[in-house]
Amino acid sequence: MTGSESGFIELDGVEKVFEVRKKTGFMKRERRRVRAVDSISFRVARGEMVGYIGPNGAGKSTTIKMLTGILTPSAGRLRVAGIDPSRDRRRLAHRIGVVFGQRTTLWWDLPLVDSYRLMHRMYRIPDARYRENLDRLVELLDLGELLDVPVRQLSLGQRMRGDIAAALLHDPEVLYLDEPTIGLDVVSKARVREFLRELNAERGTTVLLTTHDLQDIEQLCKRVMVIDHGRLMYDGPLAGLHEAGESERTLVVDLERELPPIEAPAPARVVRVDGPRQWLAFPAAESAAPLVARIAAEYPLVDLSVREPDIEAVIAKMYAEQADRAVS
Amino acid sequence: MADTVRASAVRESAAPGLPGRVREGLRAYGLIAVMWIRSTMAYRASFVLTTFTNFAVTGLDFIAILLMFSSVDALGGFSLPEIAFLYGLSSLAFGLADLLIGSMERLGRRVRDGTLDTLLVRPAPVLAQVAADRFALRRLGRVTQGALVLGYALTTLDIDWTGPKLLLMPVMVVSGGAIFCSVFVAGAAFQFVAQDASEVQNAFTYGGATLLQYPPAVFAQDLVRGVTFVLPLAFVNWLPASYVLGRPYPLDLPRWVAFASPLVAVACCALAGVAWRVGLRSYRSTGS
């Protein structure tokens with residue numbers, strides 16, 4: 001096979017520099033070079049399932065676009081299954097599957113199955129293979145009842161499952177998922193994750209997913225790569241990431257009126273007050289229930305919500321730790 | 001395993017080189033166009049209505065000409081049937097181009113909202129996919145209308161038909177359609193760089209088609225020179241039609257240029273192809 005043992009996906013010092021033109025006045029433009037991806041190197045073995053995370057604008061999408069052949073790297077060497085993506089875009093297309101979380105590739109006004117028939121012909125999938133794959137995907141993603149429904153009538157979760165199936169009909173060896181669970185409800189998220197786990201275990205499909213949802217990573221990926229400002233900040237097991245940034249959850253409470261900061265039991269503490277709204281931070285590992293009960297008993301509570309630790313926070317902590325280490 | 005081997009054999013069979021690419025492109029175009037036709041048929045009543053509207057609205061141009069002729073007998077030295085001849089040829093050629101790849105003017109929008117990326121991960125030429133995007137049969141309205149006006153011209157005019165004149169008729173329509181197609185492609189290529197340039201493109205496509213509905217004599221010499229030597233729209237109908245009608249050529253061009261339309265069309269398509277490649281390459285290196 002073309003993919004050598006060293007890596008199915010290989011990046012060596014890959015860079016992507018954009019020239020951004022900003023309007024600074026009438027007919028005046030300022031040129032600025034932006035390094036979206038800055039000398040990134042990594043290898044992903046066949047059958048690995050890797051999370052690729054980072055804040056917005058960190059360079060995630062740019063990397064994925066280079067890996068799929070959409071964008072040409074400015075420098076460095078990049079190979080997927082032994083193919084140079086930007087040079088051999090269409091040959092690569094047969095071997096990769098791509099799901100863009102927020103952009104469906106399904107045909108809005110046609111029954112779901114019609115989109116699959118188009119894939120069948122566009123990718124020249126042999127008939128028997130197509131039927132076998134479709135049957136399997138329909139079963140695993142529970143699409144049976146949806147095949148004859150026009151895509152515009154599907155819920156977001158159903159459409160995402162439909163999109164994932166569309167990306168897998170041609171037996172790709174690697175699947176790129178860009179925010180596959182964004183906007184989905186809890187049940188749909190669980191279903192998508194369950195499917196990806198099975199796909200990876202049974203077919204050995206290599207999966208690279210970008211996400212904002214730490215739970216996606218926790219439940220799916222043994223390995224995580226963190227990118228920020230175009231640089232690879234972390235590459236290793238998820239546990240290491242948690243160590244790097246001990247995470248906290250946030251409880252947001254709306255009180256009836258403006259009050260002094262809530263006196264919460266440690267280690268929970270108020271981190272921000274804005275009128276009747278207050279933000280309390282507490283360890284991610286602890287239950288929110290006792291804290292909520294306490295506040296509800298002692299304060300005029302109107303509404304509340306719990307926010308999961310986000311990747312931005314984890315990365316911010318990583319920075320802080322790195323700075324500490326550099327000092328000591 | 002046997003399946004996998006067979007699958008990869010099929011996958012590699014896509015022939016390389018220009019003919020192979022063209023064949024692949026046409027195949028992808030057909031597949032996608034059929035999907036759009038079927039999408040349209042999900043709203044049958046709307047389809048009938050928009051097709052009729054397209055027919056009627058494009059016909060207003062000819063009504064305008066008819067109104068002018070209610071107060072004059074000739075326009076730029078051309079009689080009503082002669083103008084109808086020019087009009088029909090222009091509408092037919094432009095209508096065909098518009099029907100085939102008219103949606104390419106939406107490329108800028110696809111670049112802006114990022115949906116172009118979903119086409120770039122498919123194993124088919126991007127040009128074919130963009131050309132087939134939003135393929136709309138309702139555009140047959142303009143083609144039908146152009147054909148009807150041309151039919152009226154042909155039955156009214158007293159043309160002394162010869163072999164070359166007969167030959168020139170289909171050649172004119174096909175070459176004209178190809179010239180307009182190349183304008184669409186070049187305009188779309190420009191939208192890789194300037195995403196809000198679809199109005200500029202419209203000025204050349206729709207504007208050009210309207211220009212050609214009138215005889216060259218009504219326009220300033222510089223404009224006629226421009227659409228002959230710079231953006232060679234004159235080869236769509238003005239020059240070949242002048243030959244068929246036995247009229248003097250604009251700019252005192254030699255007689256043979258009437259037969260140059262296919263060559264001009266091929267040259268335009270080649271240039272548009274180059275522009276497209278440059279545009280796509282710039283998109284893939286800048287991502288915007």
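**Exercise 1. The hairpin of E8(A) and E9(A)**

Task: In this predicted model, find how many residues lie between the strands of the hairpin of E8(A) and E9(A), and which residue there takes a positive phi.

Solution.
Step 1. Locate the strands: E8 covers residues 223-228 of chain A and E9 covers residues 231-237 of chain A.
Step 2. Read the connection. Two residues lie between the strands, and in this hairpin His229(A) has a positive phi near 50 degrees.
Step 3. Check the pairing. The two strands run antiparallel and are joined by six bridges. One pair of facing residues is Val226(A) and Tyr234(A), the latter in E9(A).

**Exercise 2. The sheet of six strands**

Task: State in what order the six strands of the open sheet of chain A stand, and which are the edge strands.

Solution.
Step 1. Write the order: E5-E6-E7-E3-E8-E9 of chain A, with mixed pairing.
Step 2. Look for strands that pair on one side only. These are E5 and E9 of chain A, the edge strands.
Step 3. Add the twist, which averages 15 degrees from one strand to the next.
Step 4. Place the helix. H5 of chain A (residues 156-168) packs on the sheet and touches E5 and E6 of chain A, with its direction at about 160 degrees to that of E5(A).
Step 5. Recall that strands of a sheet pair through backbone hydrogen bonds, either parallel or antiparallel. A parallel case is E6 (residues 174-178) with E7 (residues 206-211) of chain A, joined by five bridges. Here Leu175(A) stands opposite Val207(A) in E7(A).

**Exercise 3. The sheet of four strands**

Task: Explain why one side of E11 and of E13 of chain A is left without a neighbour in the sheet.

Solution.
Step 1. Write the order of the open sheet: E11-E12-E10-E13 of chain A, with antiparallel pairing.
Step 2. Find the edges. E11 (269-274) and E13 (301-307) of chain A each have a single partner strand, so each has one side without a neighbour in the sheet.
Step 3. Add the angle between neighbouring strands, 20 degrees on average with direction ignored.
Step 4. Take one pair in detail. Five bridges join E11(A) to E12 (residues 277-283) of chain A in the antiparallel sense. Val273(A) faces Gln278(A) in E12(A).
Step 5. Place the helix. H9 of chain A (residues 289-298) packs on this sheet, touching E10 (248-255), E12 and E13 of chain A, and its direction makes about 165 degrees with that of E13(A).

**Exercise 4. Domains and a residue pair**

Task: Give the domains of chain A and the separation of their centres.

Solution.
Step 1. Take the bounds from the domain assignment: domain 1 is 9-243 and domain 2 is 248-308 of chain A.
Step 2. Read the separation of the centres of domain 1 and domain 2 of chain A, 37 Å over C-alpha atoms.
Step 3. Consider one residue pair. Arg203(A) and Val271(A) are 68 residues apart in sequence, and their C-alpha atoms are 47 Å apart in space.
Step 4. Describe Arg203(A). This residue lies in H6 of chain A (residues 186-203). Arg203(A) counts as partly exposed because 15 C-beta neighbours lie inside 10 Å.

**Exercise 5. A helix of chain B**

Task: Decide whether H12 of chain B is mostly covered or mostly uncovered.

Solution.
Step 1. Count the buried residues: six of the eight residues of H12(B) (238-245) are buried, and the helix is mostly covered.
Step 2. Name them: Trp238(B), Leu239(B), Pro240(B), Ala241(B), Ser242(B) and Val244(B).
Step 3. Find the cover, which includes H4 (80-101), H9 (163-193) and H13 (261-286) of chain B.
Step 4. Look past the helix. Gly246(B) follows H12(B) and has a positive phi near 70 degrees.

**Exercise 6. The contact between the chains**

Task: Find how many residues each chain brings to the contact, and which element of chain A gives the most.

Solution.
Step 1. Count the residues: 30 from chain A and 24 from chain B.
Step 2. List the elements of chain A that give two or more residues: E1 (9-25), H1 (60-67), H2 (89-93), E5 (96-100) and H3 (112-122).
Step 3. Pick the element that gives the most, which is H3(A) with four residues.
Step 4. Sort the chain A side by class: 13 nonpolar, seven polar and 10 charged residues.
Step 5. Note the scores of the model, ipTM 0.87 and pTM 0.83.

Conventions:
Residues are numbered from 1 along each chain as its sequence is written. Chains are lettered from A and ligands numbered from 1 in the order in which they are written. This is a predicted model: local features need pLDDT of at least 70, side-chain atom pairs count only at pLDDT 80 or more; totals for chains, interfaces and linings use all residues. Two residues are in contact if their C-beta atoms, placed from the backbone, lie within 7 Å. Ala, Val, Leu, Ile, Met, Phe, Trp, Tyr, Cys and Pro count as nonpolar, Asp, Glu, Lys and Arg as charged, and the others, Gly among them, as polar. A residue is buried if 20 or more other C-beta atoms lie within 10 Å of its own, exposed if 12 or fewer, and partly exposed in between; C-beta atoms are placed from the backbone. Two strands pair if DSSP finds at least two bridges between them. Domain bounds come from an automatic or database domain assignment. Axes are lines fitted to C-alpha atoms, for helices over the stretch in contact, and angles run from 0 to 180 degrees between N-to-C directions.
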